[in-house]
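User: Please take a close look at the side-chain pairings in this model, and walk me through where the partners sit and how buried they are. One connected account would suit me well.

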Amino acid sequence: MIHADGGLTQGGMVVQDCLNLLAALIRSNVSNQTNIREMGHVARFAALLPGGKKPKKARTAAEQEDDWVSPQSDKNIWGLLAIMRMFLVKGNPGTLQNQNVFQQNGLVRQLLNIAFDPATAMPIKIEALNTCADLIRGNARLQEGFAQEQVRPIVESATNGLVSPNSVASVYVIEALLNLVLSPAPNELFDLRNAGCECIKAYFYNHVQIQEHFLNRAIGGHEGGDETANALTILMGGPQVPPTGDPYRIWFAANLIYHLIFDDYQAKETLMQVKEGDAESGEEVVTCIQTLTANLIASLQLGEDERISIAYLMLLLGWLFEDAAAVDDFLAEASSLQSLVQAVLTPGEDRVLIRGLCAALLGVVYEFSTRDSPVPRRELQPVLTSKLGRDKYLDAITGLRHHPLVRDFEVLPRNSGSGGSLPDVFFDEAFIDFLKDNFSRLSRAIDRNPNIEQHHSHDGVDRDVVDALRGERDEKEQTIQELKAQLMTLEQKIDQEQAEHRKTQQSAEEQRSTLKRINDKLHEDLDKEVAKRDREFRQAMLETENRYNLQIVALNNKVQQASKDANLAVSKVRQEYDEQLHGSNRARDELEKRLAVSDKARQEAVATIRSLEEMLQQTRIEVATITETLSNAQSHVQNSEAQLKQLQEEKESQIQLLREEKEAQLKQSKLEKDNLQSTIDKLKEEVQELKTKAQDQIWKVKDAEEKLRKAEAAAVTKSAKEKAITDLQEKLRKAVESEKEKTTELEDLILVLSDLEEKRSKDKVCWCRLCY
């Protein structure tokens, strides 16, 4: 229906209704999603989107010239993208299969083309990037392939529009997205930058290797002075002077780094190695955490947009939480504590978020500090209780917890503001989840006993107990040293025993080598004997093969000679047939000459023809009689063959009996032989009679031919005579062919009788051998 209504670009209310119905069918319905996926309808999504393969159909000239675009086009495309995102909800059981099917239909490439096409409307670009993020999130194979895609980067024109000109060279999609997200941009582009940020986060989501590679590239680019967009470089550089009016540049950079290192201690350890300053040149070495903290304090003191301060606070909270080493790095610059306390104590209704986050950062620092920290726990607690105060701390945490931007985060819109103002977006979804999960722990942190250290569990460990354990460890190390001395003495004894063992092993090795030489000699003799037997066997096989080959050649020669004889016989028969045909043609010429003078005797010829027809009828009757006689002869021959077969079967059974009773079988065989001889004699007599009858028929046919010649001479008219002669010739030809067939059958019968005679002679010889 969507295609019939003009597709997404020219469709109207019908397309919208179809999209609404489809969304109602698949929203939170895994079964319907599975049916649509398995029925191959995902390919139709690709066909409907811009740049997809349209269904082939005949189009008129008017339709080809119709480039009209519906006012609902962007809304239709956005609706289809929203429907596609329903297939890709994170955590659904069918999401992984849906992602694979979408990728197989080329939707990753198609969505990137839509997002980076300068002609695409802004809402479509945003939704395409969000759909692309959902498509690759959590799918390792698609995440790895996504980085290989190339696009034309989006750049800002002089009119604050976005273009992707052909003059700009294609770059890898991650680089294009980083340029889009981290480059200074007007507030109207916040939604597009946020969608690009989601794409980057989806690229390394739950993929340790990609996260490590991304973080290492960021560190390497920062240390190497790479000019490409780099989140770490932006964070380390701090707010720009003069301000650019784009606080989200730092906010997006902090968001990306936060997702890279959160709950990943290896990534935190890697990022802690980043430092600035050369100690050999006399410069002060500043760690990454200290630099970020300094930029945070600077943003608070200079009154920068609170989004910048919140970005640094989010990153530091995620980094320091449950990481004592990071807390120690932070406490190495103790002046930061006083600045954070001052930020919490600064009043103002517009500073609720800053106060709450600074208090939370102080709580995390105290919660995960140790006795060995640059500012020990026993010294850190008075800073919180006396300078800040427990009530102020809890009020700041509570104010943060109940702030609408935190409390109602899930239901608040997260898009750009109207009229070019800054959006009301301050937090990331993952950070809000982190805050809500740990608000109660942060509230209790100020009441912790400074002698109890918090590590990765809620159960505390007393520092005095740790010292006692260290004393026990030292004692055990001393005991270990004594045991090592004893072990060295034992090793010396073992070395002596091993030397004696090596001597014994050497003598045993010499004996084993002697036995091995003897064994090798025996194997060599055996191999020679086997080789000799093998040569003899091969020689015998070769002689046998040559003998068989000679026999095969002889048989082939005989077969070829028989084939030549048969070909000669066929040639001879064909020559005789050609001579007879030539004679027949000559006779036909003579008949045509005689027909020239046959007009005078028409009446006599008619009478003669009638008489000849009667004679031919008689001839047919006689031929039928001959045919019946031959049939009887054939049946008699078949009966004879059956009798012979029966005799052979009886012969085989009697041969077996002959071995037991030779004399009785000999008499019975002689009697059967006489009977067989008499049967053969009778068959010969019948064959001779058939030959005589056949000869008589041949003479009758010749007489008929003579009469035919006379009739031809007496023909009255040429036409009647030709017709009569033609009929007679046809009948004569059929009679001759019948006679030839009968003659052939007689010859076959004679051959059968000859074979029977030969078999009888062989049987006679066999009987004689058995008798003797």
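Analyst: Happy to. Burial comes up throughout, so here is the scale: a residue is buried under 20% relative accessible area, exposed over 50% and partly exposed in between, with a 1.4 Å probe and protein chains only. This is a predicted model, in which local features need pLDDT of at least 70 and side-chain atom pairs count only at pLDDT 80 or more, while totals for chains, interfaces and linings use all residues. Residues are numbered from 1 along each chain as its sequence is written, and side-chain values use heavy atoms, with hydrogens and water left out.

Let's start with the charged pairs. A salt bridge here is a side-chain nitrogen of Lys or Arg within 4 Å of a carboxyl oxygen of Asp or Glu, and the structure holds 21 of them. One joins the side chains of Glu367 and Arg441, at 3.2 Å from N to O. Glu367 belongs to helix H21 and Arg441 to helix H25 (residues 429–445), so this bridge ties together parts that are 74 residues apart in sequence. Helices (H or I, at least four residues) and strands (E, at least two) are DSSP runs, numbered from the N terminus. Glu367 is buried, at 2% relative accessible area, and Arg441 counts as buried too, at 7%.

Helix H25 also supplies Lys436, whose side chain meets that of Glu410 in a salt bridge of 3.0 Å, N to O. Glu410 sits in the loop between helix H24 (404–407) and H25, so this pair ties together parts 26 residues apart in sequence. Lys436 is partly exposed, with a relative accessible area of 32%. Another bridge joins Arg407 and Asp408, whose closest N and O atoms are 3.2 Å apart. Arg407 is partly exposed at 44%, and Asp408 is partly exposed at 26%. Salt bridges also form a network, linking Arg85, Glu127, Asp134, Arg137, Glu198, Lys201 and Asp428.

Charge meets ring at Arg377, which lies over the face of Tyr366 at 4.5 Å from the ring centre. For that label, NZ of Lys or CZ of Arg must be within 6 Å of the ring centre and within 35 degrees of the ring normal.

Now for the rings themselves. Rings of Phe, Tyr and Trp (its six-membered ring) pair if their centres lie within 6.5 Å; planes under 30 degrees apart are stacked, over 60 edge-to-face, and the rest tilted. By this rule there are 17 aromatic pairs. One of them is Phe45 with Phe102: the centres are 6.4 Å apart and the planes stand at 80°, so the pair is edge-to-face. The two rings link distant parts of the chain, with Phe45 in helix H4 (residues 42–48) and Phe102 in helix H7, 57 residues apart. Phe45 is buried at 5% relative accessible area, and Phe102 is buried at 1%.

Another pair is Phe190 with Phe252, where the centres are 5.8 Å apart and the planes at 25°, so the rings are stacked. Phe190 lies in helix H12 (residues 190–203) and Phe252 in helix H15 (residues 248–261), so this pair ties together parts 62 residues apart in sequence. Phe190 is buried at 2%, and Phe252 is buried at 0%. Ring pairs also build a cluster of Tyr258, Phe262, Phe321, Phe368, Phe427, Phe431 and Phe434.

Back in helix H7, which spans residues 95–104, we also find Thr95. Thr95 counts as buried at 8% relative accessibility. Leaving out residues up to four places away in sequence, Thr95 touches Phe87, Leu88 and Val89, where contact means heavy atoms within 4.5 Å.

Finally, helix H19 (residues 324–331) is worth a visit: Ala326, Val327, Asp329, Phe330 and Leu331 are buried there. Their cover includes helix H16 (265–272), strand E6 (286–287), helix H17 (288–302), helix H18 (306–320), helix H20 (335–345) and helix H21 (352–367). Strand E6 is home to Thr287, which is buried at 10% relative accessible area. With residues up to four places away in sequence left out, Thr287 touches Val274, Lys275 and Asp329.
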